[in-house]
Amino acid sequence: MDDMMPLLNRAAERTTHLVKGVRQEQLSAPTPCAEFDVEALIAHLEWVADLFESLGAKGPYVEQGPYTGDFPDRVGRALAVWSRPEAWEGESPGMGLPMTVLGHMFLVDMVVHGWDLAKATAQPYEPDRESVARAEDFTGQMVEMGRQRGAFGPPVAVPDDAPAFDRLLGLIGRDPAWTAR
């Protein structure tokens with residue numbers, strides 16, 4: 001937990017900054033996450049925050065609701081829950097996974113969906129190296145389960161010497177060279 005909270009905080013801060021930078025006319029723009037336009041991606045991020053708030057409190061799995069525009073508040077509540085040591089202990093009754101796995105899933109969501117949002121809205125985005133390294137390591141261990149559950153797409157080939165973030169994106173099925181067409 002001690003090493004993860006700074007990573008989660010930084011990733012959530014960067015993603016929050018991006019969400020706040022979205023203009024109304026960008027809500028219908030496509031994103032690298034093919035099933036989402038910008039509005040749907042932000043709604044998904046709102047749900048991710050709600051889900052991890054509930055799971056961190058050892059609560060149930062919660063369903064996604066409609067876009068409301070309050071991601072910063074929601075992610076703040078989720079981070080508050082995960083800042084408690086007990087959030088990292090044991091297994092989630094809502095998903096049946098170790099809490100440390102869920103904390104890493106939260107990090108991957110913040111880092112990768114932050115990139116999705118930045119690319120879709122032409123905002124600068126540079127995730128910190130530690131978060132990328134942790135997310136890439138975790139994802140490498142969990143990628144097959146993620147694909148089976150529909151969280152990740154087929155891998156996208158990237159050069160072995162590509163930057164770590166590009167390797168992470170390729171691993172989960174994102175094309176690092178994606179642009180809105």
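# Worked exercises on a helical model

Leu8 is buried, at 0% relative accessibility (buried means under 20% relative accessible area, exposed over 50%, partly exposed in between, with a 1.4 Å probe and protein chains only). The model is predicted, with local features needing pLDDT of at least 70 and side-chain atom pairs counting only at pLDDT 80 or more, while totals for chains, interfaces and linings use all residues. Residues are numbered from 1 along each chain as its sequence is written, and side-chain values use heavy atoms, with hydrogens and water left out.

## Exercise 1: Leu8

Place Leu8 in its element and list its contacts beyond four places in sequence.

Step 1. Find the element: Leu8 is in helix α1 (helices are DSSP runs of H or I with at least four residues, strands are runs of E with at least two, and both are numbered from the N terminus).

Step 2. List the partners, where contact means heavy atoms within 4.5 Å. Leu8 is in contact with Leu79, Trp88, Gly103, Phe106 and Leu107, once neighbours within four places in sequence are set aside.

Step 3. Try a distance as well. From C-alpha to C-alpha, Leu8 and Pro32 lie 22 Å apart in space, and 24 residues separate them in sequence.

## Exercise 2: the pair Phe52 and Phe106

Work out how far apart the C-alpha atoms of Phe52 and Phe106 are, and what surrounds each residue.

Step 1. Start with Phe52, a residue of helix α2. Its relative accessible area is 1%, so Phe52 is buried.

Step 2. Take the distance. Although 54 residues apart along the chain, Phe52 and Phe106 have C-alpha atoms separated by 6.9 Å.

Step 3. Compare the two contact lists, each of which leaves out residues up to four places away. Phe52 touches Ala78, Trp82, Leu102, Met105, Phe106 and Asp109. Phe106 touches Leu8, Val48, Phe52, Val75, Ala78, Leu79 and Trp82.

## Exercise 3: the largest nonpolar core

Identify which residues touch the most other members of the largest nonpolar core, and which helix gives the largest share.

Step 1. Fix the term: a nonpolar core is a set of buried Ala, Val, Leu, Ile, Met, Phe, Trp, Tyr and Cys residues joined through side-chain atoms within 4.5 Å.

Step 2. Look for the best-connected members. The core has 57 residues, and Trp82, Phe106 and Met110 touch the most other members.

Step 3. Sort by element. Two or more residues each come from α1 (4–20), α2 (38–56), α3, α4, α5 (129–148) and α6. Helix α4 gives the largest share, 13 residues.

Step 4. Set this in context: in soluble globular proteins, nonpolar side chains tend to be buried together.

## Exercise 4: two helix pairs

Describe how α3 packs on α4, and how α5 packs on α6.

Step 1. Read the α3 and α4 geometry. Helix α3 (residues 71–82) and helix α4 (residues 99–121) have axes 12 Å apart, at an angle of about 150 degrees (axes are lines fitted to C-alpha atoms, for helices over the stretch in contact, and angles run from 0 to 180 degrees between N-to-C directions). Helix α3 is therefore roughly antiparallel to α4 (under 35 degrees counts as roughly parallel, over 145 as roughly antiparallel, 65 to 115 as roughly perpendicular and the rest as oblique).

Step 2. Name the meeting residues. Phe71, Val75, Ala78, Leu79 and Trp82 of α3 meet Met99, Leu102, Gly103, Phe106 and Met110 of α4. By class, this contact has nine nonpolar, one polar and no charged residues (Ala, Val, Leu, Ile, Met, Phe, Trp, Tyr, Cys and Pro count as nonpolar, Asp, Glu, Lys and Arg as charged, and the others, Gly among them, as polar).

Step 3. Repeat for the second pair. The axes of α5 and α6 cross at roughly 10 degrees and come within 9 Å, so α5 is roughly parallel to α6. The contact of α5 with α6 has eight nonpolar, two polar and three charged residues.

## Exercise 5: positive phi and a buried arginine

Find the positive phi values at Lys58 and Ala122, then examine Arg174.

Step 1. Recall that most residues other than glycine have a negative phi.

Step 2. Check the loops. Lys58, in the loop between α2 and α3, has phi near 65 degrees and is partly exposed at 31% relative accessibility. Ala122, in the loop between α4 and α5, has phi near 55 degrees and is exposed at 71%.

Step 3. Move to the segment after α6 (164–172), where Arg174 is found. Arg174 is buried, with a relative accessible area of 8%. Its contacts beyond four places in sequence include Pro32, Trp115 and Asp116.
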